[in-house]
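Biologist: Please take one part of this model and go through it closely: the contacts between charged side chains, and then whatever they lead to. I am new to this, so take one step at a time.

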Amino acid sequence: MILTISSQVEALEKFYIEYIYPSEELKSQIAESVGLSERQVSGWFCHRRLKDKKQDGETAATGRQDRSSKWVSCLTFALGLLRFSNA
């Protein structure tokens, strides 16, 4: 079954509500169910978490900055995808 982009995003958002940090096995299952690669699903979840952090940062006090290793690795992954897609 071929899914449209909006239906893929909708499905990913539903999974995100329940699983902010899905396991590798779950990412594989999600990828299969929405017709994307595991790498695309991993990237989507990473970017979605960054979006939440950005929104939280805008509403939180200015002195609060999260520099956790997960945030840094998500950012590194996102930058790698940008370089790859621009090559």
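Modeller: Glu24 is exposed, with a relative accessible area of 54%. The value is computed from a predicted model, as is everything that follows. The cut-off for exposed is over 50%, so a figure of 54% places Glu24 in that class. Glu24 makes a salt bridge with Lys27, and their closest N and O atoms are 3.2 Å apart. Both residues belong to helix α2, which covers residues 24-34. They are 3 residues apart, about one turn of the helix.

Is Lys27, the partner of Glu24, buried or exposed? Lys27 is buried, with a relative accessible area of 13%. Buried means under 20%, so Lys27 counts as buried at 13%. This salt bridge therefore has an exposed residue, Glu24, at one end and a buried residue, Lys27, at the other. What does Lys27 touch, leaving aside its neighbours within four places in sequence? Lys27 is in contact with Pro22, Glu38, Val41 and Ser42.

How many salt bridges does the structure hold? There are 3. One of them joins the side chains of Arg48 and Glu13, at 3.0 Å from N to O. Arg48 is in helix α3 (residues 38-59) and Glu13 is in helix α1 (residues 5-18), so this pair ties together parts that lie 35 residues apart in sequence. Arg48 is buried, at a relative accessible area of 15%, while Glu13 is partly exposed, at 24%.

Arg48 also forms a salt bridge with Asp52, with 2.5 Å between the closest N and O atoms. These two residues are 4 residues apart in helix α3, so about one helical turn separates them. Through shared partners, the salt bridges join Glu13, Arg48 and Asp52 into one network. Arg48 is the shared partner, since it pairs with Glu13 and with Asp52.

Next comes helix α1, where Glu13 lies. How does the length of α1 compare with what its residues should span? At 1.5 Å a residue, the 14 residues of α1 should span 20 Å, and the C-alpha atoms at its ends are 21 Å apart, which agrees. Which residues of α1 are buried? They are Gln8, Leu12 and Tyr16. Their arc around the axis is only 75°, so they sit on the same side of α1. That buried set packs against α2 and α3. The face turned away from the buried side carries the exposed residues Ser6, Lys14, Ile17 and Glu18.

One buried residue of α1, Tyr16, leads to the aromatic side chains. The whole structure has 3 aromatic pairs. In one of them, the rings of Tyr16 and Trp44 have centres 6.1 Å apart and planes at 85°, so the pair is edge-to-face. The cut-off for that name is over 60 degrees between the planes. Tyr16 lies in helix α1 and Trp44 in helix α3, so the pair ties together parts that are 28 residues apart in sequence. Both are buried: Tyr16 has a relative accessible area of 5%, and Trp44 has one of 18%.

Tyr16 also pairs with Phe45, again at 6.1 Å centre to centre, but here the planes are at 45° and the pair is tilted. Tyr16 in helix α1 and Phe45 in helix α3 are 29 residues apart, and the pair links distant parts of the chain. Phe45 is buried, with a relative accessible area of 0%. Ring pairs link Tyr16, Trp44 and Phe45 into a cluster.

Helices α1 and α3 are thus tied by the salt bridge of Arg48 and Glu13 and by the ring pair of Tyr16 and Trp44.

Last, the chain as a whole. There are 4 helices and 0 strands, and along the sequence the pattern reads α-α-α-α. Of its 87 residues, 23% count as buried. Among contacts with a separation of 6 or more, 61% are between residues 24 or more positions apart. The chain exposes about 6,600 Å², and carbon and sulfur atoms supply 57% of that area.

Conventions:
Residues are numbered from 1 along each chain as its sequence is written. This is a predicted model: local features need pLDDT of at least 70, side-chain atom pairs count only at pLDDT 80 or more; totals for chains, interfaces and linings use all residues. Side-chain values use heavy atoms; hydrogens and water are left out. A salt bridge is a side-chain nitrogen of Lys or Arg within 4 Å of a carboxyl oxygen of Asp or Glu. Buried means under 20% relative accessible area, exposed over 50%, partly exposed in between (1.4 Å probe, protein chains only). Contact means heavy atoms within 4.5 Å. The expected span of a helix is 1.5 Å times one less than its number of residues. The arc is that of the directions from the helix axis to the C-beta atoms. Rings of Phe, Tyr and Trp (its six-membered ring) pair if their centres lie within 6.5 Å; planes under 30 degrees apart count as stacked, over 60 as edge-to-face and the rest as tilted. Accessible areas come from the Shrake-Rupley method with a 1.4 Å probe; for residues, only the protein chains shown count as cover.
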